[in-house]
Amino acid sequence: MFLWKPSEGKKPVARMTGHQKPVNEVKFSPDSRLIASASFDKFVKLWNGFTGDFVATLRGHVSMVYQVAWSADSRLLVSSSKDSTLKVWKDKALLMDLPGHSDEVFAVDWSPDGQRVVSGGKDKVLKIWRA
């Protein structure tokens with residue numbers, strides 16, 4: 001991945017390497033301080049949103065990670081995976097494991113108030129979780 005500042009030139013600010021398989025999704029935290037990347041390598045990686053420097057690898061999923069979503073206050077991150085789980089992360093650590101889908105979880109997002117997470121997957125079920 002590359003971090004660019006188009007207004008400052010054509011050269012990337014940083015090349016962000018570390019994932020061993022394709023990256024599915026990349027999201028800035030609402031405060032822009034962090035970037036989360038979800039990958040087929042089973043990991044979520046965190047990067048500095050200003051410099052592109054590597055911050056941490058979030059380990060917990062046992063299969064491909066499809067999506068990530070930040071809470072509105074940038075304090076929590078949720079990830080969804082082929083392993084049929086959602087994981088909620090805080091301060092680079094696993095805060096909560098949310099099993100409950102019977103198959104791959106393709107989509108995840110936070111409610112605007114940060115109180116709930118919604119997920120949908122291959123099992124054709126939409127779930128709403130209280131955070």
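## Briefing: strands, repeats and side-chain contacts

Let's start near the beginning of the chain: Phe 2 is partly exposed, with a relative accessible area of 45% (buried means under 20%, exposed over 50%, and partly exposed in between, using a 1.4 Å probe and protein chains only). Keep in mind that this is a predicted model, where local features need pLDDT of at least 70, side-chain atom pairs count only at pLDDT 80 or more, and totals for chains, interfaces and linings use all residues. Residues are numbered from 1 along each chain as its sequence is written, and side-chain values use heavy atoms, with hydrogens and water left out.

**Repeats from the record**

- The unreviewed UniProt entry lists the feature "repeat: WD" at residues 16-57, 58-90 and 98-131 (its positions follow the numbering used here, feature names are shortened, and annotations may be inferred rather than shown by experiment).
- Residues 16-57 are 50% strand and 0% helix, and the C-alpha atoms at the two ends sit 13 Å apart (helices, H or I with at least four residues, and strands, E with at least two, are DSSP runs numbered from the N terminus).
- Residues 58-90 come out at 55% strand and 0% helix, with the end C-alpha atoms 10 Å apart.

**Strands β4, β5 and β6**

- Strand β4 (residues 34-39) pairs with β5 in the antiparallel sense, through five bridges (two strands pair if DSSP finds at least two bridges between them).
- One spot to look at in this pairing is Ser 37, whose bridge partner in β5 is Lys 45.
- The hairpin of β4 and β5 has four residues between the strands, and there Lys 42 takes a positive phi near 85 degrees.
- Strand β5 (residues 44-48) is mostly covered, with four of its five residues buried.
- On to the next partner: β5 and strand β6 (residues 54-58) run antiparallel and are joined by four bridges.
- Leu 46 has Ala 56 in β6 as its bridge partner.
- This second hairpin, of β5 and β6, has five residues between the strands, and Gly 52 takes a positive phi near 85 degrees.

**The sheet β7 to β10**

- Four strands make an open sheet in the order β7-β8-β9-β10, and the pairing is antiparallel.
- The edges belong to β7 (65-70) and β10; each has a single partner strand, so one side of each is left without a neighbour in the sheet.
- From one strand to the next, the twist averages 25 degrees (axes are lines fitted to C-alpha atoms, for helices over the stretch in contact, and angles run from 0 to 180 degrees between N-to-C directions).
- Strand β8 (residues 76-81) and β9 run antiparallel, joined by five bridges.
- Look for Leu 77, which stands opposite Trp 89 in β9.

**Salt bridges**

- The count here is five salt bridges (each one a side-chain nitrogen of Lys or Arg within 4 Å of a carboxyl oxygen of Asp or Glu).
- One of them joins Lys 87 and Asp 97, whose closest N and O atoms are 2.7 Å apart.
- This pair links distant parts of the chain, with Lys 87 in strand β9 (residues 86-90) and Asp 97 in strand β10 (residues 93-98), ten residues apart.
- Lys 87 is buried at 5% relative accessibility, while Asp 97 is partly exposed at 40%.
- Glu 25 and Lys 27 form a salt bridge too, with 3.4 Å between the closest N and O atoms. Glu 25 is buried at 15%, and Lys 27 is partly exposed at 29%.
- Asp 113 and Arg 116 also meet in a salt bridge, at 3.5 Å from N to O. Asp 113 is partly exposed at 44%, and Arg 116 is partly exposed at 33%.

**Aromatic rings**

- There are four aromatic pairs (rings of Phe, Tyr and Trp, the last by its six-membered ring, pair if their centres lie within 6.5 Å; planes under 30 degrees apart are stacked, over 60 edge-to-face, and the rest tilted).
- Phe 2 and Trp 4 have ring centres 6.0 Å apart and planes at 45 degrees, so this pair is tilted. Trp 4 is partly exposed at 44%.
- Trp 47 and Phe 54 have ring centres 5.6 Å apart and planes at 75 degrees, so this pair is edge-to-face. Trp 47 is buried at 1%, whereas Phe 54 is partly exposed at 45%.
- Phe 40, Tyr 66 and Phe 106 are linked into a cluster by ring pairs.
- Arg 59 lies over the face of Phe 43, 5.0 Å from the ring centre (a charge sits over a ring if NZ of Lys or CZ of Arg is within 6 Å of the ring centre and within 35 degrees of the ring normal).
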